[in-house]
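Student: I should like to look closely at one part of this model, a place where two helices meet. Could you then relate it to the rest of the chain?

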Amino acid sequence: MELTDFLERNPCVRIVVPFIIGIIIGNYFPIPILPCIFILAVTIAFAIFFYNKTLTYGNRWIPGMFVCFGFLILGLLLINTQSNTQIRPTQVNKYRANILTPPSQKNKYYKADLQVEAANISGSWHNIDTKITATFECDSAIKKLKAGQTIELTAQIDSLTSPKNPFGFDYAKYLQTNGINGSIFLKSGKWRVIDANVKGISQHALNMRQHLIGLLEKSGLSGNELGLASTLVLGYKNNIDAEIKQAYMNAGAMHVLAVSGMHVGIVYLALDILMKIFGGNFLYRQKQLLIIIMLWGYAFLTGLSPSVMRATVMFSMVIIGKITNQETSIYNSLGFAALCLLLYNPMMLFKAGFQLSCVAVVGIVFFQPKIANIFKIKNKIINYLWQLTSVSIAAQIATFPFCIYYFERTPVYFWLSNVIVSPGATILIILTMLLLITSPISCVTTFFGFITKWFTKAMNFLVISIANLPFSTIENTQIAIYQSVAIAFAIISIYLWLKTKKYNRLLLATSILTIFVIFPINLKKIVNYKQKAICIYHNFQNSAIQFVSGNNSFWIDSDSNQLSALVKDANQYWNIIKNEQIKSNNNTNIILHNNFFAFDKICGLIINDTTPIFSLNDTLNLDYLIVSGTPNIKPRQIPRQLHIDNIIIEASVKPWIAKDWEQRFAKCNIHNIKKDGAFIFRWEN
């Protein structure tokens, strides 16, 4: 009965759920567009027919059922209209494109997203419409390039490729989710501006953001202080170091680095107070409409991330409710916001930011009052801190299944970090806004810049200190999608048990966790106990050779600093408990001498810049010959007495060297990691 009442009070929730189901079904099981249109038309006709015919209160569910089914079909239809087809390399190498985002510096290069508008085929221009990511070689011209300008470029667009290793971040999938279908590398002189006029509202907003970041720099902010301020207020993340991002993630405060509902809420409160200061309730409706316009301007300024758009839509509905004297439900506002965003871009459903943003709101609204009421605190300061902590706990409970799936780690001290970063972020946003507002007055800007700089230093120091506490994170928590869903159902069952005191709810939660989470994880460890594998991973800088024996791992002479991220991903992939570096014949599991190795039933030779030229008197059979880096030995210098079954060429080998080895050993099984991805051979004892 409670569910029925809830759905009646929140009609947007009632229709967004089947719409989301339709998007999910359409994404994994594509259905042709024409049948979808036909079914949708028939469903609408039935809904109208039964709405006109069904007059009794008891039969009102019939047209409602057709409406819900119609939204499900609409989700199927919209997801199938999304163009995620990758660009295939062709002979076309001249294009016209609009700059979608201001170029941002990444190490020695600049990156920007482009909207390709035309291609030159056989001397004539043909209209096309696709989105790509571009990497520019650094020069003086790229620093003057602005979003919204049109350029002509001479280079070939490459299709997106899947990850070369069987783990890690799927960058190609991430780009496709954001509507990007190709990539291009542009050397100096291979592009030119053909229209310097800025086109597009969002491009103007992004250029304004770059101007505001410049004002922050002029006020004295730099490094991680500039990175934190520009990230918090303007949603620009390129100025903040990876180490700081990792610290915020480990401390459970990563949400602060993404402009979200909290940031939009602070801006809304500031604007609302400002409007009250100037004229009180005079022209109340006009002022509230102006706040909506300014909130959307802020959303454009921060890059229109899913969480910002969700929050802006929700606050717009709250303001409209205030103007029309209508009480708005948070759940209904959230449902309406999600529906609007998914109608605009159905692929947004598969973005982690959108999912975490929506689920966090539900968690805060649903769990926070119940958690806050556990303790009745009279002291105002302590009560304020407890209220902040309860918000953090509520959001963490709701987002836990998503965080453990996407980030493969669980922060332990999230409750402590949020007591610091929540009020800290509010103060920092206000300071930064004051700094920007007073930018025409240099002495005032310098004053606010000094305060903001040291405040950001203190905030970063506290977060890093929390992240460095013992046992700050529970890592290697790699789970499948079905396990994430099972954890979510278990959380709901535990809540129902606490509310109703019916122990069958607790039994259900325990059963779900045991069957779908605990048992599969332990079964995998038992099964992996007998596993053996040799793995040669895709890595351009260094050799990355791993031997797996059960839950133990052995790496041959690898630079642990250069390969730290890869080693970490490999550990999660193989469920490794212990790692060991093998630099000489000092291990009972692997025999290693003069780059010859023997591991269980596998023997091989690594050819690199340390392998000496050798000769053989007798025939020697090897399973693998691994070519790495810049080898001292040329293919013709390999003794004829050496019989090789498989040649593995690492990604660190230059193309011309790889070609030489491929031609010399054409009769062998050749695996070029740069082309074919990581090489993995596994077996069991």
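Student: At what angle do the axes of helix α15 and α16 cross, and within how many Å do they come?

Tutor: A word on the basis comes before the answer. This is a predicted model, in which local features need pLDDT of at least 70 and side-chain atom pairs count only at pLDDT 80 or more, while totals for chains, interfaces and linings use all residues. Residues are numbered from 1 along each chain as its sequence is written, and side-chain values use heavy atoms, with hydrogens and water left out.

The axes of α15 (residues 414-437) and α16 cross at roughly 165 degrees and come within 10 Å. Helices (H or I, at least four residues) and strands (E, at least two) are DSSP runs, numbered from the N terminus. The axes are lines fitted to C-alpha atoms, for helices over the stretch in contact, with angles from 0 to 180 degrees between N-to-C directions. The two helices are therefore roughly antiparallel (angles under 35 degrees count as roughly parallel, over 145 as roughly antiparallel, 65 to 115 as roughly perpendicular and the rest as oblique). The crossing of α15 and α16 is left-handed (the near helix is turned anticlockwise from the far one by less than a right angle; clockwise would be right-handed).

Many side chains take part in this contact, meaning heavy atoms within 4.5 Å. On α15 the participants include Leu416, Ile420, Val421, Gly424, Leu428 and Leu435, and on α16 they include Phe448, Gly449, Thr452, Phe455, Met459 and Ile466. By class, the contact of α15 with α16 has 16 nonpolar residues, seven polar ones and no charged ones. Here Ala, Val, Leu, Ile, Met, Phe, Trp, Tyr, Cys and Pro count as nonpolar, Asp, Glu, Lys and Arg as charged, and the others, Gly among them, as polar.

Helix α16 also has a link to another part of the chain. Glu225 forms a salt bridge with Lys457, their closest N and O atoms being 3.7 Å apart (a side-chain nitrogen of Lys or Arg within 4 Å of a carboxyl oxygen of Asp or Glu). Because Glu225 lies in helix α7 (residues 223-234) and Lys457 in α16 (residues 442-467), the pair ties together parts that are 232 residues apart in sequence. Glu225 is buried at 11% relative accessibility, whereas Lys457 is partly exposed at 30%. Buried means under 20% relative accessible area, exposed over 50%, and partly exposed in between, with a 1.4 Å probe and protein chains only.

Such pairs follow a general principle: side chains of opposite charge can pair when their charged atoms come close. In the whole structure, a search finds four salt bridges. Glu152 takes part in one with Arg96, where the closest N and O atoms are 3.9 Å apart. This pair links distant parts of the chain, for Glu152 is in strand β5 (residues 150-154) and Arg96 is in strand β1 (residues 94-99), 56 residues apart. Glu152 also forms a salt bridge with Arg192, with a closest N to O distance of 3.4 Å. Arg192 belongs to strand β8 (residues 191-195) and Glu152 to β5, 40 residues apart in the chain. Arg96, Glu152 and Arg192 are thus linked in a network of salt bridges. Within this network, Glu152 is buried at 11% relative accessible area, Arg96 is partly exposed at 31%, and Arg192 is partly exposed at 46%.

A second pair of helices offers a useful comparison. The axes of α11 (residues 306-323) and α13 (residues 352-372) come within 8 Å and cross at roughly 40 degrees, so these helices are oblique to each other. Their crossing is right-handed. Pro306, Ser307, Arg310 and Met314 of α11 meet Phe354, Ser357, Cys358 and Val361 of α13. The residues of this contact divide into five nonpolar, two polar and one charged.

To return to the part in question: α15 and α16 are roughly antiparallel, their crossing is left-handed, and their contact has no charged residues.
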